[in-house]
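Open the model in your viewer and keep the selection panel at hand. The stops below go from one selection to the next.

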Amino acid sequence: MDAVDLAVIGGGVIGAVTAYEAAAAFPGADIAVLERGLVGGGATSRSAGVHFPRGATARVRSMTEHSHRYWQRLAAELGLPVHPTRATVRASAERADAVRGAYLELGAETEPDPGTREWVLDGCHYADVEGVARAILTDLRPRATVWEGVEVAALDGDDGWVLTLGHGETLRARRVVLAPGPWIAHPAWADLIAPLGLRVKKIVAAHLDTVPGPGDALAVFDDEDAFVLPLHHRGHFLFSYTCDEWDVDPDTVERGLAPSDLADARAVLRRHAPNLAPLCRSGRVFCDAYSPAREPVVAELCPGLVFAGAAGGSGYRLAPAIAAEAVAALASATSHPSNR
Ligand SMILES: Cc1cc2nc3c(=O)[nH]c(=O)nc-3n(C[C@H](O)[C@H](O)[C@H](O)COP(=O)(O)OP(=O)(O)OC[C@H]3O[C@@H](n4cnc5c(N)ncnc54)[C@H](O)[C@@H]3O)c2cc1C
């Protein structure tokens, strides 16, 4: 049986950043990342990859600040596919106080129409999140093992953890970080995760068939938790809005737009950018895990087993802070991964 100090289950953006930071925090520790498909192929591959400095609670605001600085530094160090963008945020006048409290880098307030407020929002970017996860794990490979096409079929506590792998072999790990994205119901850990009360929600982002111009900026509609993003590197706009379909299964969720998705997207667009509604004819559909508090969860489920995820549609922009909390949870365990 192979043995490592730390196994990270899941090669999405959260597992990738967590493994990267664990390797930095515990030099010399044997670390393995185990990914059932290809790195970055889960929710990460569908992500719009928007980062805007927003947080409804003190914890998420602090996570946003940490992640903001982290992405700026790592994007420069590794040449990540991260694209800074100008941005505005718009809200109804009644919600202006909430906006002022939630966003970290708001510019001067204007009143484009009576009853509406708008701010310039600094510090935004968008990323090819799959490319980010792959680049991080490529950089990590000399210092860690990255196994793709390897499902963790069972997880058993036994003087550390024993992982039964889909191809029949086993791996012993002193510590485990579980970063399964929306695959929270996998039989290997469903019972362990159940007390967290997580649920999986469908996420829809429509694609708008028009090529962004150089001056086009990200427009956030805070009242609706929606945004229009010019994806310059792909040659179209993306429209993200809130879809309220819960308890979907990531293995069976329909990955194409349903008629209701198109109708809902167009209805929200008509309220904010009526000229764009007819351009909405395609898109991307997947899902993510959400916590009851609508904040990411980092929790030691059992000694040496740390869950990291449930980022509720913000897993790219908050991944560095989630990883930092996961590494702190590993370090505060009775013996950390490098203490053999
Ligand atoms: C359409 C859409 C748009 C989004 N837009 C944004 C955005 O603009 N900004 C933002 O911050 N976030 C956004 N998100 C959310 C963000 O993409 C996710 O929160 C983030 O990708 C979650 O990363 P993860 O690593 O937790 O999960 P995943 O990327 O799903 O990674 C989990 C990995 O675990 C693997 N796995 C599962 N079970 C096993 C097993 N048994 N054995 C081995 N491996 C296993 C899976 O194959 C998967 O690769 C969006 C999501 C969607 C769907």
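How are H1 and H3 oriented to each other: roughly parallel or roughly perpendicular? Select helix H1 (residues 13–25) and helix H3 (residues 58–78). Their axes lie 14 Å apart and pack at an angle of about 80°. H1 and H3 are therefore roughly perpendicular to each other. Angles under 35 degrees count as roughly parallel, over 145 as roughly antiparallel, 65 to 115 as roughly perpendicular, and the rest as oblique. Axes are lines fitted to C-alpha atoms, for helices over the stretch in contact, and the angles run from 0 to 180 degrees between N-to-C directions.

Before moving on, some ground rules. This is a predicted model: local features need pLDDT of at least 70, side-chain atom pairs count only at pLDDT 80 or more, and totals for chains, interfaces and linings use all residues. Residues are numbered from 1 along each chain as its sequence is written, and side-chain values use heavy atoms, with hydrogens and water left out. Helices (H or I, at least four residues) and strands (E, at least two) are DSSP runs, numbered from the N terminus.

**The helix contact**

Stay with the two helices and show side chains. From H1, pick Val 13, Val 17, Tyr 20 and Glu 21. They meet Tyr 70, Trp 71, Leu 74 and Leu 78 in H3. Contact means heavy atoms within 4.5 Å. By class, this contact of H1 with H3 has 7 nonpolar, no polar and 1 charged residues. Here Ala, Val, Leu, Ile, Met, Phe, Trp, Tyr, Cys and Pro count as nonpolar, Asp, Glu, Lys and Arg as charged, and the others, Gly among them, as polar.

**An open sheet of 3 strands**

Next, select S3, S8 and S4. They form an open sheet in the order S3-S8-S4, with antiparallel pairing. Strand S3 (50–51) and strand S4 (82–85) are the edge strands, each pairing on one side only. Two strands pair if DSSP finds at least two bridges between them.

Put strand S8 (residues 124–127) at the centre of the view: S3 pairs with S8 over 2 bridges, in the antiparallel sense. Look for His 51, which stands opposite His 125 in S8. On the other pairing, 4 bridges join S4 to S8, again antiparallel. There, Pro 84 has His 125 as its bridge partner.

Now check the faces of S8. Cys 124 and Tyr 126 lie on one side, His 125 and Ala 127 on the other, and all are buried. Buried means under 20% relative accessible area, exposed over 50%, and partly exposed in between (1.4 Å probe, protein chains only). In a regular strand the side chains alternate between the two faces of the sheet.

**Around S12**

Select strand S12 (residues 170–178) and strand S1 (residues 2–9): they run parallel, joined by 7 bridges. Ala 3 stands opposite Arg 172 in S12.

Add strand S11 (residues 161–165), which pairs with S12 in the antiparallel sense over 4 bridges. Thr 164 is opposite Thr 170 in S12. S11 and S12 form a hairpin with 4 residues between them. In the turn, Gly 168 has a positive phi of about 100°.

Then bring in strand S19 (residues 305–309), joined to S12 by 3 bridges in a parallel run. Val 176 stands opposite Leu 305 in S19.

**Ala 154**

Which strand holds Ala 154? Ala 154 lies in strand S10 (residues 152–157). At 23% relative accessibility, Ala 154 is partly exposed. Leaving aside neighbours within four places in sequence, Ala 154 is in contact with Val 162, Leu 163, Thr 164 and Ala 188.

**Ser 240 and two positive phi values**

Move to Ser 240, in strand S16 (residues 236–241). Ser 240 is buried, at 13% relative accessibility. Its contacts beyond four places in sequence include Asp 225.

Follow that contact to Asp 225, in the loop between strand S14 (218–221) and strand S15 (226–231). Asp 225 is partly exposed at 41%. Phi of Asp 225 is near 50°, a positive value in a residue other than glycine. Most residues other than glycine have a negative phi.

Finish at Asp 247, in the loop between S16 and helix H7 (259–272). Asp 247 has a positive phi of about 60°. At 51% relative accessibility, Asp 247 counts as exposed.
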